[in-house]
Amino acid sequence: MSTQTSDYKRITTKTVLAMKQKGEKIAMLTAYDYTTAHLLDESGIDIILVGDSVANVFQGLETTIPVTIDEIIYHTKVVRRAVKRAMLVADMPFMSYQVDIKEAVRNCGRMLKESGAEAVKMEGGKRILPLIEQLVDIGIPVMGHLGLTPQSIYKFGTYEVRAKESEEAKQLVEDAKMLDKAGVFGIVLEKIPDSLAAKVTKAVSCVTIGIGAGSGCDGQVLVTNDMLGMNEQFRPRFVRQYANLSEVMRTAFRSYITDVKAAKFPLKKESY
Ligand code: KIV
């Protein structure tokens, strides 16, 4: 049997856990297409998530509820082709892991086998512990997701900050500890007070990745389209805008249209 050698070092669950130990922050962003994934990987991102946020930023849907497992597999396969170094995590969509354990295990296995993801992410606490234990036992790395869990939007009724009240905060810490004990390698903490996220980070051995959860987490994640400023309608305060791509793209599109209409494109040097 021969083993392949490569000149890059892949990020694994082991790598990110070691980063927590060393106090080195973990950078994670989303991708849904080959070109973006290639640029992210080349730039040195640690974790790429094919999130069910594909619903909002790619499919133009209001919630993540309608996303299917086949859609996440499709986008993850596309992203997989570009990713050489980062760890690739795929979101398990709503109702792909909630019905019963057998079906959930099969779906998570399908995700790894068919998409090339190296880990799955799923929302929820205590309820999904038996599933997490089975997955980890089989060898499927799991990332949890607590706080604002968008697949429960109809239960919450709002995308406001979660766990501001002590009862919910206490439950969240308990859930995080249980997920950690069940063997998740990481937990996304979405839109919760920074003091609570810092408390969770200290209480668990797995890595915490915050989004709108302050600087006390082991790492941070943002939806790539949001941090690039591609959506002018969605600019919450937790999204730092690193570019204003909507403006850059609009300017480019208008210039192209103007040039075509004025017969200024293509020039001789752009022709054969
Ligand atoms: O779907 C997604 O992009 C996510 C991140 C916001 C963490 O779950």
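A residue counts as near the ligand if one of its heavy atoms lies within 4 Å of it. In this predicted model, the residues that end up around the ligand are T30, L49, G51, D52, S53, D91, K121, H145, V188, I211, V221 and V223. Three of these residues also come up with side-chain polar contacts. For S53, an N or O atom of the side chain is 2.5 Å from a ligand oxygen. The side chain of D52 has an N or O atom 3.0 Å from an oxygen of the ligand, and for the side chain of D91 the corresponding distance to a ligand oxygen is 3.1 Å.

V188, one of the residues around the ligand, belongs to strand β6, and that strand is worth a look of its own. β6 spans residues 186-190, and five of its five residues are buried. Neither face is left open: G186, V188 and E190 are buried on one side, and I187 and L189 are buried on the other.

β6 has strand partners too. Strand β5 (residues 142-147) runs parallel to β6 and is joined to it by five bridges, with G144 partnered by I187. Strand β7 (residues 207-211) also pairs with β6 in the parallel sense, again over five bridges; here V188 stands opposite I209. As for the connection, helix α9 (residues 194-203) goes together with β6 and β7 to make a right-handed β-α-β unit.

Turning to the aromatic rings, the count of aromatic pairs comes to one. There is also a charge-over-ring arrangement: the charged end of R162 sits over the ring of F156, 3.8 Å from the ring centre.

Key:
Residues numbered from 1 in each chain as written. Predicted model: local features only at pLDDT ≥ 70, side-chain atom pairs only at ≥ 80, totals over all residues. Heavy atoms only, no water. Buried < 20%, exposed > 50% of the residue type's maximum accessible area, 1.4 Å probe, protein only. Helix = DSSP H or I, 4+ residues; strand = E, 2+ residues; numbered from the N terminus. Pairing = 2+ DSSP bridges. Right-handed = clockwise from strand over helix to strand, strands pointing away. Phe/Tyr/Trp six-rings, centres within 6.5 Å; stacked < 30°, edge-to-face > 60°. Lys NZ or Arg CZ within 6 Å of the ring centre and 35° of its normal. Polar contact = N/O pair within 3.5 Å; in protein donor to acceptor, adjacent residues only side chain to side chain.
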